[in-house]
Amino acid sequence: MSTTKPTLVIVGAGPRGTGLIERIAANAPELYAGSGTEGLDIHLVDPHPPGAGRIWRAAQSPLLWMNSHAEDVTMFTDETVVMDGPVRPGPTLHEWAAIDGSTFADRRLQGAYLRWVHEQAVAALPPDVTVHHHPHRALRVSGPREGRQQVWLEGRARPLLADLVVLALGHLDAELDQERRELSAYARTHGLVHLPPDFTADSDLSSLAPGEPVLVRGFGLAFVDLMVLLTEGRGGRYDGDTYVPSGQEPVLYVGSRRGVPYHSKIGYDWTGERPPLPRFFGPDEVDALLARPGGFDFRRDVWPLIEKELGFAHYHRLFTVHSKRTAIAWTDFEEKYAAGEAVEREALVASAVPDPADRLDLAALDRPLDGVRYATHEEFQEGLRAYVEGDLSRRHDPVHSPDLAVFLGLLSVYGQLIQLGDIGPWWHGFFSYLASGPPGPRLRQMLALSRAGVVRFVGADMAVTAEDGVFRASSATVPGASVEARALVEARLPEPTVRRALDPLLRALHADGAVETPEGLLRVDRSDGRILDGAGRPHPRRFALGPYTDVRTPGAFTRPRTGGPAFRQNDATARAALVFLRDLACRAAA
């Protein structure tokens with residue numbers, strides 16, 4: 001009889017790896033412990049600390065916040081998670097840290113929470129399951145499809161032997177695309193500064209000189225981090241709504257495709273009945289899309305269902321809570337809304353919702369500056385400040401609580417979309433723009449910086465060129481205007497693709513012919529995360545979870561009572577791994 005313990009290697013010890021261990025601990029009593037196996041060795045491979053990982057590590061500025069309220073952050077399952085494993089409840093960040101639920105905690109505190117969750121998950125494992133941490137980078141995975149795998153580590157001559165490997169790598173660095181390679185080459189030739197996409201806490205910002213103009217392409221959360229590090233991080237401070245500069249700040253000229261910042265986090269709590277979701281985009285609709293003989297197109301086949309679902313969430317809230325702003329009964333509206341096509345629903349809304357401000361217009365939300373023109377750069381600064389002030393007012397006033405219903409609709413939709421696999425980058429950007437924006441206080445700081453002249457707005461569809469020895473930015477929002485600078489920052493995370501990842505393990509997978517989507521994402525089985533080969537066969541010994549796969553979730557942790565798509569994935573992968581390892585051990589013992 002073999003006395004060698006089955007071995008599982010998890011590459012990535014951040015929140016996704018921690019979530020997987022938590023699910024292994026939860027499912028082991030049913031699927032593994034007491035089955036005649038000789039225990040289990042789990043090897044965690046990550047140069048960063050277990051739990052926090054790279055993104056949430058302690059070694060970063062305390063000025064950087066989470067973009068979620070502390071009460072909206074949990075690593076624990078509840079009864080809303082659709083999974084086969086048991087629910088193991090636990091505290092949210094705000095309960096664990098004993099802080100106000102509406103606090104936007106700094107990332108180091110979140111890292112401490114994640115480290116604690118990791119410790120609790122390890123402690124909950126059966127006594128004969130041992131966890132080993134290897135603070136190294138994984139370089140590649142080799143081994144036959146039906147045999148033990150070898151996980152090669154940086155700085156070690158011998159590989160880890162694994163019966164099963166799970167890749168949980170999280171956000172990774174990537175090679176530049178063609179446009180950014182050309183911009184970087186131009187910067188080197190002309191003595192300019194070009195900072196490519198990066199996790200902002202890892203960027204060297206020392207080359208951005210005080211008082212000098214800096215073009216910033218990207219208006220999401222990476223820009224907010226950049227703004228903080230280059231202002232408060234250089235000694236500036238806020239006196240109420242006024243920014244008091246230190247004199248060390250550069251001048252940030254920021255623009256993007258939309259030309260506006262992500263919408264503020266909603267600043268009030270939900271009350272009353274939740275919209276009954278999913279209603280028009282649920283498992284049946286997903287199954288029908290997957291069963292289409294010729295496949296499906298996102299814009300043609302999926303987006304109309306999403307529009308109808310989000311509209312239902314919006315109007316359910318409007319009619320049931322703010323009925324004085326509607327012209328017919330909810331039951332009549334719901335019946336006609338359910339039966340109508342897009343054009344009919346539009347006519348229905350026009351007749352039943354008198355004020356256009358109470359109607360959901362997703363196209364206008366997505367591109368608020370489309371067709372908007374300003375005569376001068378200064379007029380646009382005033383106009384965009386008014387836009388941001390209006391957004392802050394709306395997102396903190398429960399009179400507009402249909403906005404929060406749409407947020408819940410977005411979470412519901414995301415939970416369904418992960419079953420469809422890779423749906424292209426547009427949806428992820430749209431979701432983040434509406435549902436995963438910055439804390440309200442950050443936008444108020446942005447307004448103060450704008451009034452102080454430290455932040456300047458460029459406009460929508462910001463175009464960047466490199467000519468005459470400088471970078472130049474322009475936008476149709478202010479026709480004929482342009483800004484010159486000797487520095488350009490790409491304020492965004494690198495695209496999560498296998499083919500351009502700088503991570504050596506993913507590069508090795510790509511070189512070995514890993515099957516990828518047109519967007520460069522790793523194809524995995526949607527049921528349990530096994531890596532697929534060219535024939536669509538799941539690899540029996542290799543799994544992958546995370547943003548570089550074609551089954552993407554909003555994050556490794558989530559808001560309580562929202563179904564936790566990542567938790568559902570973790571549970572399915574943990575159960576599949578435990579069953580495989582149990583059966584393997586039983587065969588070896590026979």
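Leaving aside neighbours within four places in sequence, which residues is Trp427 in contact with?

This is a predicted model, in which local features need pLDDT of at least 70, side-chain atom pairs count only at pLDDT 80 or more, and totals for chains, interfaces and linings use all residues. Residues are numbered from 1 along each chain as its sequence is written, and side-chain values use heavy atoms, with hydrogens and water left out.

**Exercise 1. Find the contacts of Trp427 and place it in a core.**

Step 1. Contact means heavy atoms within 4.5 Å. With neighbours within four places in sequence set aside, Trp427 is in contact with Phe298, Trp303, Ile306, Leu410, Val413, Tyr414 and Leu417.

Step 2. Look for the core. A nonpolar core is a set of buried Ala, Val, Leu, Ile, Met, Phe, Trp, Tyr and Cys residues joined through side-chain atoms within 4.5 Å. Buried means under 20% relative accessible area, exposed over 50%, partly exposed in between (1.4 Å probe, protein chains only).

Step 3. The largest nonpolar core has 96 residues. Val151, Phe223, Ile306 and Trp427 have the most contacts inside it. Helix α12 (residues 402–417) gives the largest share of this core, ten residues. Helices (H or I, at least four residues) and strands (E, at least two) are DSSP runs, numbered from the N terminus.

Step 4. Another core, of 28 residues, lies apart from it. Ala25, Tyr32, Ala168 and Ala576 are among its residues.

**Exercise 2. Describe how α1 packs on α3.**

Step 1. Take the geometry. Axes are lines fitted to C-alpha atoms, for helices over the stretch in contact, and angles run from 0 to 180 degrees between N-to-C directions. Helix α1 (residues 15–31) and helix α3 (residues 107–123) pack at about 25 degrees, with axes 8 Å apart.

Step 2. Name the arrangement. That makes α1 roughly parallel to α3. Angles under 35 degrees count as roughly parallel, over 145 as roughly antiparallel, 65 to 115 as roughly perpendicular and the rest as oblique.

Step 3. List the residues. Pro15, Thr18, Ile21, Glu22 and Ala25 of α1 meet Leu114, Val117, His118, Ala121 and Val122 of α3. By class, this contact has seven nonpolar, two polar and one charged residues. Ala, Val, Leu, Ile, Met, Phe, Trp, Tyr, Cys and Pro count as nonpolar, Asp, Glu, Lys and Arg as charged, and the others, Gly among them, as polar.

**Exercise 3. Repeat this for α7 and α8.**

Step 1. The axes of helix α7 (residues 298–321) and helix α8 (residues 330–339) come within 11 Å and cross at roughly 175 degrees. The two helices are therefore roughly antiparallel to each other.

Step 2. On the α7 side, the contact includes Glu307, Lys308 and Phe312. On the α8 side, Trp330, Phe333 and Tyr337 are among the residues. The contact divides into seven nonpolar, three polar and three charged residues.

**Exercise 4. Is Thr517 buried or exposed, and what does it touch?**

Step 1. Thr517 sits in the loop between α15 (504–511) and β18 (530–532).

Step 2. Thr517 counts as buried, at 2% relative accessibility.

Step 3. Not counting residues up to four places away in sequence, Thr517 touches Asp422, Arg499, Arg523 and Asp550.

**Exercise 5. Describe the backbone at Pro278, Asp461 and Asp468.**

Step 1. A cis peptide bond joins Leu277 and Pro278, with omega about -5 degrees. Pro278 lies in the loop between β12 (251–255) and α6 (283–290).

Step 2. Asp461 is not a glycine, yet has a positive phi of about 50 degrees. Asp461 is partly exposed, at 46% relative accessible area.

Step 3. Asp468, also not a glycine, has a positive phi of about 55 degrees. Asp468 is exposed, at 67%.
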